[in-house]
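Work through these exercises with the structure open. Try each task before you read its solution.

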Amino acid sequence: MVAGAGANVGVQIGEDGVVVVDAGTVARADAVVAAIKKLTAQPIRYIIDTSADPDHVGGNETLSKAGQTLFTAPGSIGVTGDFLGGVASILSAQKVLERMTAPTGKTSPFPIGATPTETFDFPRKYMYLNGEGIEMLHQPAAHTDGDLVIFFRRSDVVVAGDVLDTTRFPVIDAGRGGSINGEIAALNRLVDLAIPSVPIVSRDAGTLVIPGHGRVCDQYDVASYRDMVTVIRDRVRDLKKAGMTLNQVKAASPARGYTHRYGSDAGAWTTEKFVEAVYQTVEKP
């Protein structure tokens, strides 16, 4: 994990090259490339985006141009040696490409070199690189409608993106297809993927989960975070069923008991915004 680039960046290194999960912000992209070069001389082959957030995709173009496509031998698989311009591929869910581009005649929010070159719109895509299977699992309505959870099977590492954010309550972007029930479903998926250190619980072992922001977690950490989100969802749901308005629900402080650790009264994602997002999407399947 490379930290300090906006979102956490996952880096897998092996004989086939480097697979990067999330690219950080555009301002920190050169620093991410430098950090990777300290780890290995191998070229970046793939950048996988877990969402379309600027702190996850901002560095796409810089990292892609610093890398090299796997398909470098002309005609080796029926493509030219300058396939995709020779740069590293950018892979994401289809919804991420849609968020990063604009219709004809409109200004795109990102340069063309930062946009995904490979996308998919089904539950699971996979590759086998650097001696292990890499699963990309689409979570269709969690933080957004384009979230991916990346599972490195032999390494036993999961890169969760903003489905898991240990620094705050999860960001539920209802305007981009996110929902509280989809978020809990995605957290349950993480809990199921990760395996804790049992029966020898004293070992510092088990599946490692890299969150979108914050420290590396184990299965118990993810389960605890999931339980916290579920408790707040249930409180808001029950208050809404009782006929309370949004303002009344906010006044009832449904996030009480968790605000000291995860809450905020200022910034881009406050406790009030989280409660509002839960209230708005709690009835969405």
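## Exercise 1: A pair on one helix

The side chains of Lys-65 and Glu-61 form a salt bridge, with 3.1 Å from N to O. The model is a predicted one.

**Task.** Find how far apart Lys-65 and Glu-61 are in helix 3, and classify Lys-65 as buried or exposed.

**Solution.**
- Step 1. Locate the pair. Lys-65 and Glu-61 are both in helix 3, residues 60–66.
- Step 2. Take the spacing. The two are 4 residues apart, so about one helical turn separates them.
- Step 3. Check the cover. Lys-65 has a relative accessible area of 58%. Exposed means over 50%, so Lys-65 is exposed.
- Step 4. Do the partner. Glu-61 is partly exposed, because its relative accessibility is 22%.

## Exercise 2: Two more salt bridges

**Task.** Lys-95 pairs with Glu-98, and Lys-250 pairs with Glu-272. Say which elements hold Lys-250 and Glu-272.

**Solution.**
- Step 1. Start with Lys-95 and Glu-98. Their side chains meet in a salt bridge of 3.7 Å, N to O.
- Step 2. Place them. Both lie in helix 4, residues 94–100. They are 3 residues apart, about one turn of the helix.
- Step 3. Classify them. Lys-95 is partly exposed at 31% relative accessible area. Glu-98 is partly exposed at 43%.
- Step 4. Move to the other pair. The closest N and O atoms of Lys-250 and Glu-272 are 3.8 Å apart.
- Step 5. Place this pair. Lys-250 is in helix 7 and Glu-272 is in helix 9, so their salt bridge ties together parts 22 residues apart in sequence.
- Step 6. Classify again. Lys-250 counts as partly exposed at 21% relative accessibility. Glu-272 also counts as partly exposed, at 49%.
- Step 7. Widen the view. The count of salt bridges comes to 16. Arg-233, Asp-234, Arg-237 and Asp-238 are linked in a network of them.

## Exercise 3: A buried aspartate

**Task.** Which side chain joins that of Asp-49 in a polar contact of 2.8 Å?

**Solution.**
- Step 1. Find Asp-49. Its place is the loop between strand 3 (44–48) and helix 2 (54–57).
- Step 2. Check the cover. The relative accessible area of Asp-49 is 0%, so this residue is buried.
- Step 3. Look at what surrounds it. Not counting residues up to four places away in sequence, Asp-49 touches ten residues' worth of listed partners, including Asp-22, His-56, Asn-60, Ser-92 and Leu-148.
- Step 4. Pick the partner. The side chain in the 2.8 Å polar contact is that of Asn-60.
- Step 5. Compare sequence with space. Asp-49 and Val-149 are 100 residues apart in sequence, and their C-alpha atoms are 9.5 Å apart.

## Exercise 4: Two loop residues

**Task.** Classify Thr-166 and Val-26 as buried or exposed.

**Solution.**
- Step 1. Place Thr-166. This residue is in the loop between strand 9 (157–165) and helix 5 (180–193).
- Step 2. Apply the cut-off. Buried means under 20%. Thr-166 has 19% relative accessibility, so it counts as buried.
- Step 3. List its contacts. Beyond four places in sequence, Thr-166 touches residues including Pro-211, His-213, Tyr-225 and Tyr-262. Its side chain also reaches the backbone nitrogen of Arg-215, at 3.3 Å.
- Step 4. Turn to Val-26. Its loop runs between strand 2 (17–21) and helix 1 (29–39).
- Step 5. Classify Val-26. Its relative accessible area is 62%, so Val-26 is exposed. Leaving aside neighbours within four places, Val-26 is in contact with Gly-58 and Gly-59.

## Exercise 5: Nonpolar cores

**Task.** Which element gives the largest share of the largest nonpolar core?

**Solution.**
- Step 1. Size the core. It has 40 residues. Leu-164, Phe-169, Ile-180, Leu-190, Val-209 and Phe-274 touch the most other members.
- Step 2. List the sources. Elements giving two or more residues include strand 8, strand 9, helix 5 and helix 6.
- Step 3. Choose. Helix 6 gives the largest share, 8 residues.
- Step 4. Look beyond it. A second, separate core has 17 residues, among them Val-21, Met-127, Leu-129 and Ile-134.

Notes: Residues numbered from 1 in each chain as written. Predicted model: local features only at pLDDT ≥ 70, side-chain atom pairs only at ≥ 80, totals over all residues. Heavy atoms only, no water. Buried < 20%, exposed > 50% of the residue type's maximum accessible area, 1.4 Å probe, protein only. Contact = heavy atoms within 4.5 Å. Polar contact = N/O pair within 3.5 Å; in protein donor to acceptor, adjacent residues only side chain to side chain. Core = buried A, V, L, I, M, F, W, Y, C linked by side-chain atoms within 4.5 Å. Salt bridge = Lys/Arg side-chain N within 4 Å of Asp/Glu carboxyl O.
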